[in-house]
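Good morning, everyone. I would like to take a few minutes to go through one model with you, beginning with a surface and ending with a helix.

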2 protein chains.
Amino acid sequence: MKVRLLLVDDHPIVRSGMRMLFQAEPDLEIVGEADGGAEAIVAVQRLHPDVVIMDVAMPGVNGIEATRRIKELAPETAVLALTMHEDEQYFFEMLKAGASGYIPKRAAPDDLVAAVRVVAQGNVFLYATLARFLMKDVGEPGAGEQSGAEAAGDAGADDLLTAREREVLACIADGMTSREIAEKLVISVKTVERHRENIMAKLDIHNRVELVKYAMRKGIIVG
Amino acid sequence: MKVRLLLVDDHPIVRSGMRMLFQAEPDLEIVGEADGGAEAIVAVQRLHPDVVIMDVAMPGVNGIEATRRIKELAPETAVLALTMHEDEQYFFEMLKAGASGYIPKRAAPDDLVAAVRVVAQGNVFLYATLARFLMKDVGEPGAGEQSGAEAAGDAGADDLLTAREREVLACIADGMTSREIAEKLVISVKTVERHRENIMAKLDIHNRVELVKYAMRKGIIVG
DNA sequence: CCTGTCATCGGGCGCTCACCCCATTTCCGG
DNA sequence: CCGGAAATGGGGTGAGCGCCCGATGACAGG
């Protein structure tokens with residue numbers, strides 16, 4: 001199955017060059033062209049291409065806005081941003097709009113062909129120099145939300161440990177000292193230590209660090 | 001000029017499979033293999049490969065830490081992360097460590113070959129399902145980008161720790177005592193304790209259990 | 001009834017941990 | 001050239017840890 005391409009650029013010469021380039025690739029097929037963002041949106045609805053090669057800077061509806069609309073109307077269509085501007089702001093705007101790839105016009109033709117094949121598979125292609133923007137920014141992602149909600153109360157699944165032992169283990173793996181656990185459970189420090197000894201003996205574990213990792217594997221605590 | 005590859009995976013069968021795969025590609029050449037992070041770092045310095053295919057979860061020095069060290073020692077070497085875990089946390093940690101690509105082991109072989117060619121050119125390849133994490137994150141950079149307020153007691157940044165400190169932390173989180181770490185790193189026990197004190201002070205952490213959980217969140221160890 | 005498990009407590013011993021104090025060497029950037 | 005960071009060491013102290021020794025009561029099952 002050939003990859004169906006839609007070329008979007010306001011410069012006919014650029015489109016012509018890409019036509020030449022892709023005609024040499026038997027697995028790639030150009031099914032349409034557009035010279036502006038508005039035309040591109042219409043063409044996508046009519047042609048349903050696999051990949052849209054989208055110029056970023058165009059008069060009228062620009063590539064960023066066109067990409068946003070295309071991803072709304074046809075999310076399965078991949079958009080590969082092609083640009084003269086190696087600008088950080090444009091780069092992020094295109095990614096936010098839904099582009100799967102970003103490549104400058106100064107890139108080697110082979111890079112463009114490779115990029116098309118990558119995004120056609122649903123993957124992401126970012127050109128080297130642009131990717132640096134990403135590396136710099138990824139530094140502090142927005143602290144993803146892990147969904148716990150396993151009602152970890154008790155209900156023993158592990159018959160090695162007793163319910164009380166698992167309760168103590170959860171406290172240990174939470175970073176509490178024996179004294180703190182004793183206060184929380186309203187028992188003696190020695191009893192807490194006794195439980196810990198029994199846990200370690202049963203599991204053949206000899207320090208708290210390994211207890212933490214065991215508790216995480218067993219889901220006794222969430223990491 | 002062939003692309004020179006270094007395979008890093010602790011499972012010989014996985015390496016064998018990749019060897020078969022790449023032998024069919026005339027432009028790709030495997031120049032070495034390593035079965036762990038520490039061995040990978042040494043191999044990179046000796047072989048100077050173009051691309052390192054790096055397993056993420058490995059015993060000992062894991063793929064994230066190994067990538068960090070490799071990018072320090074040989075920034076021109078591209079690292080392609082290969083993983084069984086399609087986990088958001090690992091994904092971002094590998095990108096921050098300097099990986100140029102991220103692809104799961106369940107991906108099609110052709111995708112892996114394509115990814116190698118992409119990163120060998122200095123570009124970035126991200127597999128479809130993983131790339132969603134990025135899209136989701138890039139969408140709201142403004143929301144999570146409040147700098148400052150670090151005195152609130154929260155451990156925020158990640159290059160807080162030096163390379164040596166991360167090395168010691170990995171050992172601590174692996175369950176080793178100060179004595180064992182000292183023997184492994186061939187330094188004094190007091191020096192190990194000194195590093196630990198500095199780590200704890202920087203992170204505002206006061207016991208080993210919390211250090212383990214920090215190391216897991218940051219991908220310094222893989223639980 | 002008697003044996004086992006579970007949970008509860010006590011003392012002690014050797015070691016490590018966590019947190020202070022201090023110093024030297026190397027190396028890099030202003 | 002000088003200052004700071006990094007890595008390397010040493011000493012000391014109080015508390016917690018890991019692991020032995022013991023004990024008592026409750027409770028369930030063969």
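Let me begin with the surface near DNA strand C, whose residues divide into two nonpolar, eight polar and eight charged; here Ala, Val, Leu, Ile, Met, Phe, Trp, Tyr, Cys and Pro count as nonpolar, Asp, Glu, Lys and Arg as charged, and the others, Gly among them, as polar. This is a predicted model, in which local features need pLDDT of at least 70 and side-chain atom pairs count only at pLDDT 80 or more, while totals for chains, interfaces and linings use all residues. Residues are numbered from 1 along each chain as its sequence is written, chains are lettered from A and ligands numbered from 1 in the order in which they are written, and side-chain values use heavy atoms, with hydrogens and water left out.

Around DNA strand C there are 18 residues, and the closest are A:Thr162, A:Ser188, A:His195, B:Glu197 and B:His206, where near means that a heavy atom of the residue lies within 4 Å. Of the strand's atoms that come within 4 Å of the protein, sugar and phosphate account for 67%.

As for individual polar contacts (pairs of N or O atoms within 3.5 Å), a polar side-chain atom of A:Arg164 lies 2.9 Å from a phosphate oxygen of DNA strand C, and a side-chain N or O atom of B:Arg208 is likewise 2.9 Å from a phosphate oxygen. The side chain of B:Glu197, by contrast, places an N or O atom 3.2 Å from a base nitrogen.

Finally, the helix: at the N-terminal end of helix 3 of chain B, B:Asn62 acts as a cap, with a side-chain oxygen 2.9 Å from the backbone nitrogen of B:Ile64.

Conventions:
Polar contact = N/O pair within 3.5 Å; in protein donor to acceptor, adjacent residues only side chain to side chain. Helix = DSSP H or I, 4+ residues; strand = E, 2+ residues; numbered from the N terminus.
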